[in-house]
Amino acid sequence: MATTVHVQEQTAASVASMLLEIQAIKLNTEKPFTWASGWKSPIYCDNRLSLSFPAIRTAIRDGLVQAIRAKFPSAEAVAGVATAGVPQGALVADVLQLPFVYVRPKPKDHGMENLIEGKVVKGQRVVVIEDLISTGGSSLKAVQALRDAGFDVLGMVSIFTYGFEVAVSNFREANVPLVSLSDYSSLIAYASAHNLISSDQITSLKAWRVDPANWRAIP
C-alpha cells in the first residue's frame, strides 16, 4: 500500500453525520474553541462520545474492522493509542480475534514502567487505531514506540482526520499509511448539503483548514 492518507468513501459521510448527530463534533465559527496549541478553531471533536451510543459505537467499530481487512489484511495484532484509541482498538481486536496492546503517552512511573501495555512480540505485524488525527505528532510517537519495541507497523486507521497538509507530510515522512473513516472535507460537505451551516460559515471553515494558525472567527 502506498504511503498516503486515504479516506474511506463508503464511510466518510455516514461517520460525519453520526458524529454531528451526537455532538461529538461541534462547529462554531463565531465563538471558536481554543486548542492546547493556542490555535483558535471553529471545530471541536471528541470521538469518545461515540462510546456512549451503542449503535454508533458499533458502526464505527465495523468501519474500522472493514478498513483493516481491506487495507491491512496481514495484520497479526491491533494497537490502540492512549487514551481515546484504547477502547476502539479493543473493540476492533475482539471482532478480528487478534491480540491487543496499547501505547501510553509516556512510560508508567512505577511498577514495570511500561510504555506499551500488553504482550510485546517482536516482528509481529500490527495496525494502530487512533480516534483523531490533527498534525499526527502524538500518533506517530506511538508508532515509533511500537517500532522501537520490535513490532512491524503496517499502518494506522483513524475515525476522523482534519486533513492538514502537515499531517500528510508527517505520515509520509514516517512511512506510515493512514486510513480514516471520515475527514474534515467530508464533514463540511455533509453539513453544507443538509443546510447545517451557511455559505459564510462554509467559507470560514474552509479557510481554517488551509491556515489554522492565522484563522480568525467570523465577527
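I started with helix 6 and helix 7, which are roughly antiparallel to each other. Angles under 35 degrees count as roughly parallel, over 145 as roughly antiparallel, 65 to 115 as roughly perpendicular and the rest as oblique.

**Conventions**

I am working from a predicted model, where local features need pLDDT of at least 70, side-chain atom pairs count only at pLDDT 80 or more, and totals for chains, interfaces and linings use all residues. Residues are numbered from 1 along each chain as its sequence is written, and side-chain values use heavy atoms, with hydrogens and water left out. Helices (H or I, at least four residues) and strands (E, at least two) are DSSP runs, numbered from the N terminus.

**Entry: helix 6 with helix 7**

I looked up the geometry: helix 6 (residues 184-193) packs with helix 7 at an angle of about 180°, and the axes are 11 Å apart. Axes here are lines fitted to C-alpha atoms, for helices over the stretch in contact, and angles run from 0 to 180 degrees between N-to-C directions. On the helix 6 side, I listed Tyr184, Ser185, Ile188 and Ser192 as making the contact; on the helix 7 side, Ile202, Leu205, Trp208 and Arg209. Contact means heavy atoms within 4.5 Å. I sorted the residues of this contact by class and got 5 nonpolar, 2 polar and 1 charged. For the classes, Ala, Val, Leu, Ile, Met, Phe, Trp, Tyr, Cys and Pro count as nonpolar, Asp, Glu, Lys and Arg as charged, and the others, Gly among them, as polar.

I then checked the loop between helix 6 and helix 7, where Asn195 sits. Asn195 is not a glycine, yet its phi is positive, about 55°. Its relative accessible area is 69%, so I marked Asn195 as exposed. The cut-offs are under 20% relative accessible area for buried, over 50% for exposed, and partly exposed in between (1.4 Å probe, protein chains only).

In helix 7 (residues 199-210) I picked out Ser204. Ser204 counts as buried because its relative accessibility is 9%. Without neighbours within four places in sequence, the contacts of Ser204 are Thr29, Trp215, Arg216 and Ile218.

**Entry: helix 2 with helix 3**

I next took helix 2 (residues 54-71) and helix 3 (residues 85-96), which pack at an angle of about 60° with axes 9 Å apart. That angle makes helix 2 oblique to helix 3. Helix 2 gives Arg57, Ile60, Arg61, Leu64, Val65, Ile68 and Arg69 to the contact, and helix 3 gives Gln88, Leu91, Val92, Val95 and Leu96. I noted the classes in the contact of helix 2 with helix 3 as 8 nonpolar, 1 polar and 3 charged residues.

Lys71 is also in helix 2. I entered Lys71 as partly exposed because its relative accessible area is 30%. From Lys71 to Ala167, 96 residues apart along the chain, I have a C-alpha separation of 20 Å.

**Entry: the sheet**

How many strands form the open sheet, and in what order? I found 7 strands, in the order 1-11-10-9-6-7-8, with mixed pairing. Two strands pair if DSSP finds at least two bridges between them. Strand 1 (5-7) and strand 8 (116-117) are the edge strands, each pairing on one side only.

I followed strand 9 (residues 125-133) and strand 10 (residues 152-161): they run parallel and 8 bridges join them. Ile129 stands opposite Val157 of strand 10.

Thr161 is in strand 10. I put Thr161 down as buried because its relative accessibility is 3%. Apart from neighbours within four places in sequence, Thr161 is in contact with Ile133, Ser180, Ser182, Asp183 and Tyr184.

**Entry: helix 4**

I looked up Arg147, which lies in helix 4 (residues 137-149). Arg147 counts as partly exposed because its relative accessibility is 28%. Not counting residues up to four places away in sequence, Arg147 touches Val153, Ala174, Asn175 and Val176. The C-alpha atoms of Arg147 and Ala75 are separated by 15 Å, with their positions 72 residues apart along the chain.

**Entry: backbone exceptions**

Most residues other than glycine have a negative phi, and most peptide bonds are trans. I noted Gln23 for its positive phi, near 60°; Gln23 is in the loop between helix 1 (9-21) and strand 2 (25-27). I also noted a cis peptide bond between Ala82 and Thr83, with omega about 5°. Thr83 belongs to the loop between strand 6 (77-81) and helix 3.
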